[in-house]
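Trainee: I would like to learn how the words used for a protein model are justified. Could we take them one at a time, setting each value against its definition?

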Amino acid sequence: MKCDTRYPIILVHGFGFRDLKRINYWGRIPKALELEGASIYYGRQEALGSIEHNAEILRDNINQILAETGSEKVNIIAHSKGGLDARCMISSLGMADKVASLTTIATPHHGCKPIDVLRKQTGWFYHGAGYLLNPVARFLGDKQPDFYNAMLHFSVNVLEEFNKNNPDAPSVYYQSFAAAMKYAHSDLFLFWLYLLIWLIEGENDGLVAVKSAQWTNFRGVLRSSTNRGISHADAVDFRRMNFSGKQGGGLSDIRCFYIALVADLKKRGF
């Protein structure tokens with residue numbers, strides 16, 4: 001089968017969500033991978049947790065998965081902030097020998113400049129949002145929600161320091177992908193954020209600039225077979241819909257990307 005990798009696959013979600021049984025962050029992707037032979041597990045870190053706190057949760061969950069499966073290592077596929085959680089776990093928590101590969105998708109490795117601009121102008125907003133959102137996250141299962149500091153981790157300066165403190169582990173295979181919307185109206189939920197990021201950083205997926213998503217072994221930008229492109233949400237099948245019925249010239253079904261991704265990990269011996 002295409003996706004029966006040597007090591008199990010751990011899907012690591014991004015900021016603001018949790019791994020829930022009834023509402024899967026990854027849409028139809030896990031089932032598609034399992035049908036091709038992949039063994040799928042989840043990071044189960046917190047929605048509004050800091051990078052350091054989520055890295056500890058991820059470490060504990062992976063150690064449990066390794067104990068249950070008898071596997072020596074795992075392959076991690078991480079979306080958005082989940083890539084930072086995973087990098088912190090690998091480099092700062094001594095987990096490099098238990099991770100075969102880390103694939104990041106639309107992860108803001110170099111920060112988000114608009115976040116810095118907005119924080120300087122409306123810092124009160126982030127504190128107020130945290131006051132409202134932290135209790136909600138706690139109700140949904142977070143033990144240490146911290147909206148303000150979690151948002152602070154998207155700062156360019158903060159991530160410059162983070163990158164210095166969390167260099168790639170030589171024994172882990174890293175690769176990264178970005179996504180890009182074609183127009184602001186490609187995703188109406190991300191309309192204004194896309195425009196703001198485009199003005200400051202250029203091409204983006206509505207939340208993360210293509211330049212920021214580029215990390216070790218950058219493999220390219222995810223684009224659809226339609227003119228709308230692929231938004232930050234599209235990259236994890238948020239709408240549970242194909243982009244189009246067309247083939248060629250870009251992705252028509254995001255599941256095809258993940259199947260090809262995991263099949264490639266298998267070919268690499270992971």
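Mentor: Let us begin with one residue, keeping in mind that this is a predicted model. Leaving aside its neighbours within four places in sequence, Asn166 is in contact with Arg87, Cys88, Ser91 and Ser92.

Trainee: Where does Asn166 sit, and why does it count as buried?

Mentor: Asn166 is placed in the loop between helix H7 (156-165) and strand E5 (173-179). Buried means under 20% relative accessible area, and Asn166 has 4% relative accessibility, so it counts as buried.

Trainee: What makes the pair of Asn166 and Ser92 a polar contact?

Mentor: A polar contact needs a pair of N or O atoms within 3.5 Å, and the side chains of Asn166 and Ser92 are joined by such a contact of 2.5 Å.

Trainee: Why is Ile200 called partly exposed?

Mentor: Partly exposed is the class between under 20% and over 50%, and Ile200, which is in helix H8, has a relative accessibility of 35%, so it counts as partly exposed. Ile200 also belongs to a nonpolar surface patch of about 400 Å², made together with Val117, Trp198 and Leu199. Helix H8 (residues 191-201) gives the largest share of that patch, three residues.

Trainee: How do you know that Arg28 and Asp253 form a salt bridge?

Mentor: A salt bridge asks for a side-chain nitrogen of Lys or Arg within 4 Å of a carboxyl oxygen of Asp or Glu, and the side chains of Arg28 and Asp253 meet at 3.9 Å, N to O. This pair links distant parts of the chain, since Arg28 is in the loop between strand E1 (9-12) and helix H1 (29-35), while Asp253 is in the loop between strand E6 (218-222) and helix H10 (254-267), 225 residues apart. Both Arg28 and Asp253 are buried.

Trainee: What makes Arg223 and Glu203 a salt bridge, and which parts does the pair tie together?

Mentor: The limit is again 4 Å, and the side chains of Arg223 and Glu203 meet at 2.7 Å, N to O. Arg223 lies in the loop between E6 and H10, and Glu203 in the loop between H8 and helix H9 (210-213), so the pair ties together parts that are 20 residues apart in sequence. Arg223 has a relative accessible area of 40%, and therefore it is partly exposed; Glu203, at 33% relative accessibility, counts as partly exposed. Elsewhere, salt bridges that share partners join Arg28, Asp237, Asp253 and Arg255 into one network.

Trainee: How many salt bridges does the structure hold?

Mentor: The structure holds twelve salt bridges, and one of them is between Asp60 and Arg59, whose side chains meet at 3.1 Å, N to O. Asp60 has 42% relative accessibility, so it counts as partly exposed, and Arg59, at 25%, counts as partly exposed.

Trainee: Turning to the whole protein, how many helices and strands are there, and why is it called as compact as a globular protein of its length?

Mentor: There are ten helices and six strands in the protein. Its radius of gyration is 18 Å, close to the 18 Å that the globule rule gives for 270 residues, so the protein is as compact as a globular protein of that length. Along its principal axes, the C-alpha trace spans about 50 × 45 × 35 Å, and 56% of the 270 residues count as buried.

Conventions. Residues are numbered from 1 along each chain as its sequence is written. This is a predicted model: local features need pLDDT of at least 70, side-chain atom pairs count only at pLDDT 80 or more; totals for chains, interfaces and linings use all residues. Side-chain values use heavy atoms; hydrogens and water are left out. Helices (H or I, at least four residues) and strands (E, at least two) are DSSP runs, numbered from the N terminus. Buried means under 20% relative accessible area, exposed over 50%, partly exposed in between (1.4 Å probe, protein chains only). A polar contact is a pair of N or O atoms within 3.5 Å; within protein, one must be able to donate a hydrogen and the other to accept it, and residues adjacent in sequence count only if both atoms are side-chain atoms. Contact means heavy atoms within 4.5 Å. Patches are made of residues with over 30% relative accessible area and no salt bridge: like charges are joined within 9 Å, nonpolar side chains (Val, Leu, Ile, Met, Phe, Trp, Tyr) within 5 Å. Accessible areas come from the Shrake-Rupley method with a 1.4 Å probe; for residues, only the protein chains shown count as cover. The radius of gyration is taken over C-alpha atoms; the globule rule is 2.2 Å times the number of residues to the power 0.38.
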